[in-house]
2 protein chains.
Amino acid sequence: MTMDVTFLGTGSAYPSLHRGASALVLRSEGDCWLFDCGEGTQTQLMKSHIRAGRISKVFISHLHGDHLFGLPGLLCTISLNLTSDPQPGVKCVDVFGPRGLRHFLRVTLGLTGSQLLFPYAVHELEPTQDQSPEEGQLSLEMTTERGPPLPQEHPGRNISLDVSSDAYLLFEDDKFVVKAFRLFHRVPSFGFCVHERDRPGRLKTERLQQLGLKPGPLYGRLKAGHRVQLENGRVILPDEVVEENIPGRKVCILGDCSSVPGGGLAICQGADLLVHEATLGEAHRDKAVEHGHSTPRMAATLARACGARRLVLYHFSQRYKPEKLRGDGDDDVSELRLQAEEVLRDADVEVILAEDFLTIDIPLRRTKSST
Amino acid sequence: MTMDVTFLGTGSAYPSLHRGASALVLRSEGDCWLFDCGEGTQTQLMKSHIRAGRISKVFISHLHGDHLFGLPGLLCTISLNLTSDPQPGVKCVDVFGPRGLRHFLRVTLGLTGSQLLFPYAVHELEPTQDQSPEEGQLSLEMTTERGPPLPQEHPGRNISLDVSSDAYLLFEDDKFVVKAFRLFHRVPSFGFCVHERDRPGRLKTERLQQLGLKPGPLYGRLKAGHRVQLENGRVILPDEVVEENIPGRKVCILGDCSSVPGGGLAICQGADLLVHEATLGEAHRDKAVEHGHSTPRMAATLARACGARRLVLYHFSQRYKPEKLRGDGDDDVSELRLQAEEVLRDADVEVILAEDFLTIDIPLRRTKSST
Ligand SMILES: [Zn+2]
Ligand SMILES: [Zn+2]
Ligand SMILES: [Zn+2]
Ligand SMILES: [Zn+2]
């Protein structure tokens, strides 16, 4: 039931020696999902405690190079490691991102003769016109893949905005519902919302024994929310013998943006963790917005509006060195935390500055019965 | 007149924490040329003493990812640095490499909306069919660029094999003649030969003064190789007053290969520095050849055949850690040097193992008069 986020790169624009380009990994039990993959992500992974071969899904927020240029190489290296350490039943790696991503991978992997030992599929999000200035929109001509798919390329879905929810439903299974939502940036950019499903609470075993119920199939029925009738005619309601539901956690990871048009605010409501860019401090707000980026205050304003519990800032301009490496005259990254905290003064929201290799644990929420 | 080579990455297949992916820089006075550009080359450059913004030409030996995936990001970062440090009259960056490279850059830079602040041109080498197994050849369909060129993309040349010299003439100017030649690898691969032009020797000023010749235009004519007649009728031959020509240096940098078909041997004749891959040691020779790679003996055999003065081995399997980082049970990279030296026992050829950030000076050859 553990869930955590590890930052592999927290710098904007390009990878530097003190901040890698954008990439982070969300882990939940066996699952390992990568969000963005700037150049050098594979070497950042080697420096971390996460094994590249565990990554089963990749989410690309937008097609800027500092979020994407590491992806072809990462896929190749995962594949090379499979050669030396063959795993039975390699699953398909699902890649989600804006329209054009399938073409990008087909050309980069195809021209380099990169034959992956596992299948992959690219599921493309169709941007809408209000996500970027007109000059940031790519024509169908540029983004449509051509020629036959690569041997290891499985068909991917083309996902359009669901107008009623103002979101893109990427997938849902028995553990998660994962959606994307639109952001405004120089090019179409997306945020991702990973929402864990609620789980039934624990059985109150003492109470069940008082009622004379022995462990067996009826326990399962009660836990699944069904009423049960005993041989003596007594009806037991789930509420009597099952603790409160354990609410699923919600993690929202936003790509580059200067604002969140449409449904993002509603989707991020109550996020346990909101990961938001803060490229430049308030002194450079105009420049930030002009380049489609945010300041800490802008990020904090969103966190406040959606009632997030924790706000993580990342994607810092390379001018902000990590606190440990800061020299005389360098910009102070801790200023960015203060700027966010000012907006959140009366709200119970923790602000965290991401650094490369920082891991943030996302605990289960306390329910009444567990306190 | 200094000339040197700096290795930025010496590992094969992928960048690791102890060996970057393939990349090296040849410097000669103001010129700074990059050979191959694996993922992470831009961060390797940051760790080195070489400024990325000085690179004016890029040579890509073949389209494998470990030689190419760093190029789009490097170009973007060079451009970003220009914003903060604008240079008047930015020159066109020339990129040389196999057919398909223009398409690769147009798609990777185009889809990511990367607007370079300098022009670039891709000059493509047309491979021949005997450079790779059939399955390593890319169809015209896959390699032909489509759509309009990017705004910053200048037209590049398509360079075919010159059959009489069995080489590709990339360019020549008053300082250099640069050629490419074919290699055999899993995909079409090339070697590059940078040949400095001979320079006239120094004027013997004492002798000139004995002859009564004062500094002036006649000095230049003599140095340029012309005979000169004095007022007294005496004819002075350049040989009398000019020292022997200073021979131009020759640096040959080979991409991945298991053999050198065609004209490579002749072109590399007398190389001052021969940079050759040695992916695996002799114990793994079959595996090396099967994957289109060389062992130290294979590299040394070529160095011997072409009378090279120094042989540099690089592109080592990541199993060979640098000597300093070698732990118990690790393969010993210095074995590779011994294997090459065995072949060169009676030949006067120095063998060097490349490591990341190693710089090798290439001195002018001593002429009779300078000894
Ligand atoms: Zn970015
Ligand atoms: Zn961006
Ligand atoms: Zn290679
Ligand atoms: Zn290769």
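This passage describes the zinc sites of chains A and B in a predicted model, followed by the surroundings of one aspartate and an annotated segment of chain A.

In chain A, the zinc ion (ligand 1) has as its protein donors A:Asp66 (OD), A:His67 (NE2), A:Asp256 (OD) and A:His315 (NE2), which lie 2.1 to 2.4 Å from the metal. Along the chain these donors follow the spacing D-H-x188-D-x58-H, and the angles among the 4 donor atoms run from 89 to 165°, an arrangement classed as irregular. A:Asp66 is placed in the loop between strand 4 (57-59) and helix 2 (71-84) of chain A, whereas A:Asp256 is placed in the loop between strand 14 (250-254) and helix 8 (264-267), and the pair thereby links parts of the chain that are 190 residues apart. Both of these aspartates, A:Asp66 and A:Asp256, are buried. A:Asp256 also coordinates the zinc ion (ligand 2), which is 3.4 Å from the zinc ion (ligand 1).

In chain B, the zinc ion (ligand 3) is coordinated at 2.1 to 2.3 Å by B:Asp66 (OD), B:His67 (NE2), B:Asp256 (OD) and B:His315 (NE2). The site is irregular because its 4 donor atoms subtend angles of 90 to 165° at the zinc ion (ligand 3), where four donors would count as tetrahedral if all angles lay between 85 and 135 degrees. B:Asp66 belongs to the loop between strand 4 (57-59) and helix 2 (71-84) of chain B, and B:Asp256 to the loop between strand 14 (250-254) and helix 8 (264-267), so the pair ties together parts that are 190 residues apart in sequence. With a relative accessible area of 11%, B:Asp66 is buried, and B:Asp256 is likewise buried, with a value of 2%. The zinc ion (ligand 4) is 3.4 Å from the zinc ion (ligand 3), and B:Asp256 coordinates both.

A further aspartate of chain A, A:Asp94, is located in strand 5 (residues 93-98) and is buried, with a relative accessible area of 17%. Its side chain is joined to that of A:Lys57 by a polar contact of 3.4 Å. Leaving aside residues up to four places away in sequence, A:Asp94 touches A:Ser56, A:Lys57, A:Val58, A:Ala121 and A:His123.

With respect to annotation, an unreviewed UniProt entry lists residues 246-316 of chain A under "domain: Metallo-beta-lactamase". Over these residues the chain is 28% helix and 21% strand, and the C-alpha atoms at the two ends are 35 Å apart.

Technical notes: Residues are numbered from 1 along each chain as its sequence is written. Chains are lettered from A and ligands numbered from 1 in the order in which they are written. This is a predicted model: local features need pLDDT of at least 70, side-chain atom pairs count only at pLDDT 80 or more; totals for chains, interfaces and linings use all residues. Side-chain values use heavy atoms; hydrogens and water are left out. Donors are N, O and S atoms within 2.8 Å of the metal (3.2 Å for Na, K and Ca); water is not among the atoms, so sites may look incomplete. Four donors count as tetrahedral if all angles lie between 85 and 135 degrees; four count as square planar and six as octahedral if opposite donors are over 155 degrees apart and all others between 65 and 115; anything else is irregular. Helices (H or I, at least four residues) and strands (E, at least two) are DSSP runs, numbered from the N terminus. Buried means under 20% relative accessible area, exposed over 50%, partly exposed in between (1.4 Å probe, protein chains only). A polar contact is a pair of N or O atoms within 3.5 Å; within protein, one must be able to donate a hydrogen and the other to accept it, and residues adjacent in sequence count only if both atoms are side-chain atoms. Contact means heavy atoms within 4.5 Å. UniProt positions are given in the numbering used here, feature names are shortened, and annotations may be inferred rather than shown by experiment.
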